[in-house]
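Here's a quick briefing for anyone meeting this structure for the first time. Have a look at it, then read on for a few spots to check out.

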Amino acid sequence: MSDSSDSESSFASDSEEETNAVATRPKTITGCSQFVDIIFHPEHEYILAAVDMNGYCSVHECTIGEESHEKLKKRLTKKPCRCVAFSADGEDLLVMSKDKTMQVVCSRSGCVKRKFTAVHSAPPYCLCVIDKNLIATGDDDGVIKVWDLRRGNEAVMEDKKFEDYVSDIAVDDKHRLIFAVSGDGTMATYNARQRKFIVQSENEESDMLCAQVLKENKKVVVGTADGPLLLYNWDEFAAPSDRFPGHPGSVDCFAKVSEDVLCTASSDGMIRAVHVLPNRFLGVVGDHDGLPVEKIRCTHDGKYLASISHDDVVKFWSVEYLKDIQVSAREKAERYRKNEKMAKSGVGPSKREFFSDLGKELEVPPCNADSDDMSSESEDKDLIWLESDLVC
């Protein structure tokens, strides 16, 4: 009996904390066209770069609780931009566009320092910064390339292992291994320093859409079009060791909050926080009102999350508290948390908060006896007049 009361009190305290918590975060950024990709500065708090469908690149200085200040906006191409990334030191922006160009742009002045033409035979799809000199790119035809910015305009490594587009590229914390995932349902692993292919995973019969290294270089997590997350052991990249089902739609993008907690962008418009090993849904931290969430990025300190969808806005969510959530493997997974909104992120009230006042007693104002007597007398008089009318 005491255990049940303790659990009820803990749930009540959690609900009260969510109700009283005020999510302070930057206000929404509104652009002129649909945003394609966003990225936070690797060191500065909080500089956000964004590229859109009209070929513009913009840099915004985000302030907590206030409107963001647009520090830079420049049109780099007439074609839609595809992806953007900060250099390792944050001084430059790397922008790839549909016209198969890659431009190195100063993040402060906006001047183009360097321009690579025909970087791929097909339009580029994704970009990943490996270290201060090396970057990896992938295109619509399944070709992956590695570039050394100290050298000329030729790639130092080129390989094609995929039959479909390269959807995402991730790199480990030691900047040694490259993990490229594809729409053909496989993941290819490369050694960035030796610039050679290591292994390609078996086909999962579902598009692999995103990848992230977790658990201090012990796990690789992959998001799929069917919803389940695939977990790969280190040095065992040929086949997944575990599966984490539960997402109702495709998982299109990841954002790493900590070594245990990951935020997932899904096609149902929800941004969910999940704990990896033990695998648990923590709740919904963001919402785009049913529109598919295309990209999510976390600040370098893990406090805030930015997200974009099929519109012209960038939304922000508070996720710092996710690091303090403790998950026990002995506790049973709670299914409702998959769609439970976490008020601390600013996504809106949770269901428990909405119904928190349901069990409270309502205060009914006391009735006035005189007024009741008067109302009854008037009703009696009306009844007498009605009977007299009927007699007549």
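**Two lysines, one sheet and some cysteines**

K315 has a relative accessible area of 17%, so it counts as buried, the cut-off being under 20%. Keep in mind that this is a predicted model. Below, we start with K315, move on to another buried lysine, K145, and then turn to a sheet and the cysteines.

**Around K315**

- You'll find K315 in strand β28, which covers residues 313-318.
- A polar atom of the K315 side chain sits 3.4 Å from the backbone oxygen of D287.
- D287 is also on the contact list of K315, once neighbours within four places in sequence are set aside. That list also has T28, H288, D289, L305, A306 and S307.

**Around K145**

- K145 belongs to strand β12, residues 143-148.
- With a relative accessibility of 10%, K145 falls under the 20% cut-off and therefore counts as buried.
- The side chain of K145 reaches the backbone oxygen of V119, at 2.7 Å.
- Which residues does K145 touch, leaving aside neighbours within four places in sequence? They are V119, H120, I135, A136, T137, A155, M157 and E158.
- Take M157 from that list: K145 and M157 are 12 residues apart in sequence, and their C-alpha atoms are 5.5 Å apart in space.

**A four-stranded sheet**

- One open sheet has 4 strands, in the order β2-β3-β4-β5, and the pairing is antiparallel.
- At its edges are β2 (35-40) and β5 (69-75), each of which pairs on one side only.
- On average, neighbouring strands in this sheet are turned by 15° against each other, if you ignore direction.
- Inside the order, β3 (residues 47-52) and β4 (residues 56-61) pair over 5 bridges in the antiparallel sense.
- Look for V51, which stands opposite C57 in β4.
- As background, strands of a sheet pair through backbone hydrogen bonds, either parallel or antiparallel.

**Cysteines without disulfides**

- How many disulfides does the structure hold? The count is 0.
- C128 is in no disulfide, and its nearest cysteine sulfur, from C126, is 8.4 Å away. A disulfide needs the two sulfur atoms within 2.5 Å, so that pair doesn't qualify.
- C128 is buried too, with a relative accessible area of 10%.
- C263 is in no disulfide either; the nearest cysteine sulfur belongs to C298 and lies 6.7 Å away.
- C263 has 0% relative accessibility, so C263 counts as buried.

Conventions
Residues numbered from 1 in each chain as written. Predicted model: local features only at pLDDT ≥ 70, side-chain atom pairs only at ≥ 80, totals over all residues. Heavy atoms only, no water. Helix = DSSP H or I, 4+ residues; strand = E, 2+ residues; numbered from the N terminus. Buried < 20%, exposed > 50% of the residue type's maximum accessible area, 1.4 Å probe, protein only. Contact = heavy atoms within 4.5 Å. Polar contact = N/O pair within 3.5 Å; in protein donor to acceptor, adjacent residues only side chain to side chain. Pairing = 2+ DSSP bridges. Axes fitted to C-alpha atoms, helices over the stretch in contact; angles between N-to-C directions.
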